[in-house]
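Visitor: Please pick one part of this model and take me through it slowly. After that, I'd like to see how a few other spots compare in style.

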Amino acid sequence: MTDTKKTAQLSLNGETYELPIFSPTTGPDVLDIRKLYGQAGVFTYDPGFTSTASCDSTITYIDGGKGELLHRGYPIDQLASKSHHLEVCYLLLYGELPTAAQLEDFETRVTRHTMVHEQMHNFFRGFRRDAHPMATLVGVVGAMSAFYHDSTDINDPWQREVAAIRLIAKLPTIAAMAYKYSIGQPFVYPRNDLDYAANFLHMCFSVPAEEYHVDPILARAMDRIFILHADHEQNASTSTVRLASSSGANPFACIAAGIACLWGPAHGGANQACLEMLKEIGSVDRIPEFIERAKDKNDPFRLMGFGHRVYKNTDPRAKVLKQSADEVLELLGVEDNPLLQVAKELERTALNDEYFIEKKLFPNVDFYSGIILEAMGFPTSMFTPIFALSRTVGWISQWKEMIADPQNKIGRPRQLYLGETARDYIDIESR
Ligand code: CMC
């Protein structure tokens with residue numbers, strides 16, 4: 001953030017107030033209103049934060065107009081094609097791509113933390129078998145603070161580091177356990193000879209009764225899904241993690257809060273909702289009916305996997321996933337997958353429709369990811385847990401950045417109060 005010495009003037013009730021302007025390394029300038037209430041006695045009003053920068057950050061940059069997503073400056077398409085998830089985790093956490101020695105050390109640290117406390121197996125057994133894996137995930141990740149007391153002191157940099165590694169390492173294990181529990185199969189322990197994505201597939205799909213071979217092409221597709229979901233600057237769940245941690249709460253509680261926020265269908269829950277929508281549409285000839293419903297103001301239906309608060313041109317993650325969907329389905333010999341046909345035709349129809357053009361609505365990351373995950377064998381209920389385990393590194397990197405910032409203070413928005421003014425209590429007999 002550079003102080004440009006530029007200011008904006010605000011005229012209010014005959015007074016003029018100078019608002020400093022900060023320039024980012026790239027992107028729009030930012031008006032500093034921190035002293036506004038103290039000086040002028042007014043708040044700003046921005047429900048949904050459409051014009052508000054809630055923090056400064058050096059991790060991720062999005063240019064919604066260009067459809068650009070950068071992690072520490074590196075474009076997402078380059079990371080998706082040339083890197084792998086643990087290297088991206090290192091980049092997000094520490095700011096630079098690792099040397100070979102740094103990467104080896106990091107991978108060893110993560111791999112050595114993939115097992116969970118054995119007592120957690122009993123904890124899982126308290127959940128109903130038919131619980132949604134996201135419900136289990138919120139509970140178990142929150143409960144990590146009860147199992148890992150030695151990494152909950154946020155004022156100790158070493159404990160912060162251990163908590164970060166534990167969360168990145170254990171989330172795939174916990175998500176896979178939530179899945180196994182929901183289908184009544186035994187938990188599968190992690191295998192440290194497999195890479196991050198292959199190990200996750202192993203924990204989800206292997207059973208003790210027979211040998212399971214992880215297909216390297218599917219592991220690569222899984223890893224790419226992890227990379228594409230790794231971080232996305234100050235989205236709803238990341239902002240939730242930051243707000244929760246601004247009070248000094250421990251990292252496991254904060255990440256559980258992020259998972260809860262991610263679950264909603266407007267955010268990470270859209271991948272499950274999108275696949276369910278594609279199934280409901282069912283065939284290409286029913287697309288016009290659903291397009292009309294999406295445009296109808298009196299119908300709450302929206303095209304799931306479409307639209308984004310920031311991207312107004314294209315979501316670069318959706319482009320990579322569309323290509324991945326073709327590759328994975330070809331590998332699995334299901335190129336003529338009817339859902340992919342519906343998705344492609346739905347995209348084509350919407351992108352040529354005046355409503356979607358005018359509102360700048362494009363497929364987002366959730367549009368094609370579900371097709372790939374379902375083809376890999378995941379039920380729809382596992383789509384959002386997979387988003388959550390991928391996003392864990394983003395949440396934890398943003399959390400670490402915030403805790404280390406000397407400007408960090410508790411988040412406390414104000415409001416435009418439209419309720420009653422002070423009035424006297426009325427006894428129940430007189431109401
Ligand atoms: N289908 C139909 N109309 C839409 C859609 C859609 N998917 N998305 C936005 N609109 C319309 C909306 O009705 C509104 O119209 P009007 O101006 O006439 O009232 C206009 O476009 C702007 O929508 P908004 O809700 O004010 O925009 P927003 O920035 O607050 O919401 C969004 C962004 C992603 C929540 C929204 O586009 C949406 O609900 N999409 C479907 C859910 C989805 O795919 N979510 C995943 C987002 S990407 C991954 C993630 O964040 O986890």
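**A close look at a three-stranded sheet**

Guide: Let's begin with β4 and β5 (residues 68-71), two strands that run antiparallel and are joined by 4 bridges. Before going further, you should know that this is a predicted model, where local features need pLDDT of at least 70 and side-chain atom pairs count only at pLDDT 80 or more, while totals for chains, interfaces and linings use all residues. Residues are numbered from 1 along each chain as its sequence is written, and side-chain values use heavy atoms, with hydrogens and water left out.

Two words need pinning down. Strands (E, at least two residues) and helices (H or I, at least four) are DSSP runs, numbered from the N terminus. Two strands pair if DSSP finds at least two bridges between them.

Now zoom in on that first pair. Ile62 stands opposite Leu69 in β5. The hairpin of β4 and β5 has 4 residues between the strands, and Gly67 takes a positive phi near 70 degrees there.

Keep following the chain and you reach the next partner. β5 and β6 also pair in the antiparallel sense, over 2 bridges. Here Leu70 has Pro75 in β6 as its bridge partner. Put the strands together and you get an open sheet of 3 strands, in the order β4-β5-β6, with antiparallel pairing. Its edge strands are β4 (60-63) and β6 (74-75), and each of them pairs on one side only. As a rule of thumb, in a regular strand the side chains alternate between the two faces of the sheet.

So what happens at the turn between β5 and β6? This hairpin has 2 residues between the strands, and Arg72 has a positive phi near 50 degrees in it. Arg72 sits in the loop between those two strands, and it is a residue other than glycine. That is worth a pause, because most residues other than glycine have a negative phi.

Arg72 has company. Lys360, which is not a glycine, has a positive phi of about 55 degrees. You'll find Lys360 in the loop between α16 (354-358) and α17 (365-376). Is Lys360 buried or exposed? Lys360 counts as partly exposed because its relative accessibility is 42%; the cut-offs are under 20% relative accessible area for buried, over 50% for exposed and in between for partly exposed (1.4 Å probe, protein chains only).

There is another hairpin to hold beside the sheet. Strand β2 (residues 15-23) and strand β3 (residues 30-31) pair in the antiparallel sense over 2 bridges, with Phe22 opposite Val30 in β3. Their hairpin has 6 residues between the strands, and Gly27 takes a positive phi near 105 degrees in it.

Next, the ligand. His267, Leu303, Gly305, Arg309 and Lys359 come nearest of the 22 residues around it (a residue is near if one of its heavy atoms lies within 4 Å). Sorted by class, this shell has 11 nonpolar, 6 polar and 5 charged residues; Ala, Val, Leu, Ile, Met, Phe, Trp, Tyr, Cys and Pro count as nonpolar, Asp, Glu, Lys and Arg as charged, and the others, Gly among them, as polar. A polar side-chain atom of His267 lies 2.7 Å from an oxygen atom of the ligand. A backbone N or O atom of Phe306 lies 2.9 Å from a nitrogen atom of the ligand.

Phe306 turns up again around Glu347, a residue of helix α15 (residues 338-351). Leaving aside neighbours within four places in sequence, Glu347 is in contact (heavy atoms within 4.5 Å) with Phe306, Lys322, Pro363, Phe367 and Tyr368. Glu347 counts as buried because its relative accessible area is 11%.

Ser381 makes a nice companion, in the loop between α17 and α18. Not counting residues up to four places away in sequence, Ser381 touches His132, Pro133 and Gln272. With a relative accessibility of 19%, Ser381 counts as buried.

One last stop is Asp427, in the segment after α18 (383-404). Asp427 is partly exposed, with a relative accessible area of 44%. Its C-alpha atom is separated by 73 Å from that of Gly333, and the two residues are 94 apart along the chain.

How values were computed. Polar contact = N/O pair within 3.5 Å; in protein donor to acceptor, adjacent residues only side chain to side chain.
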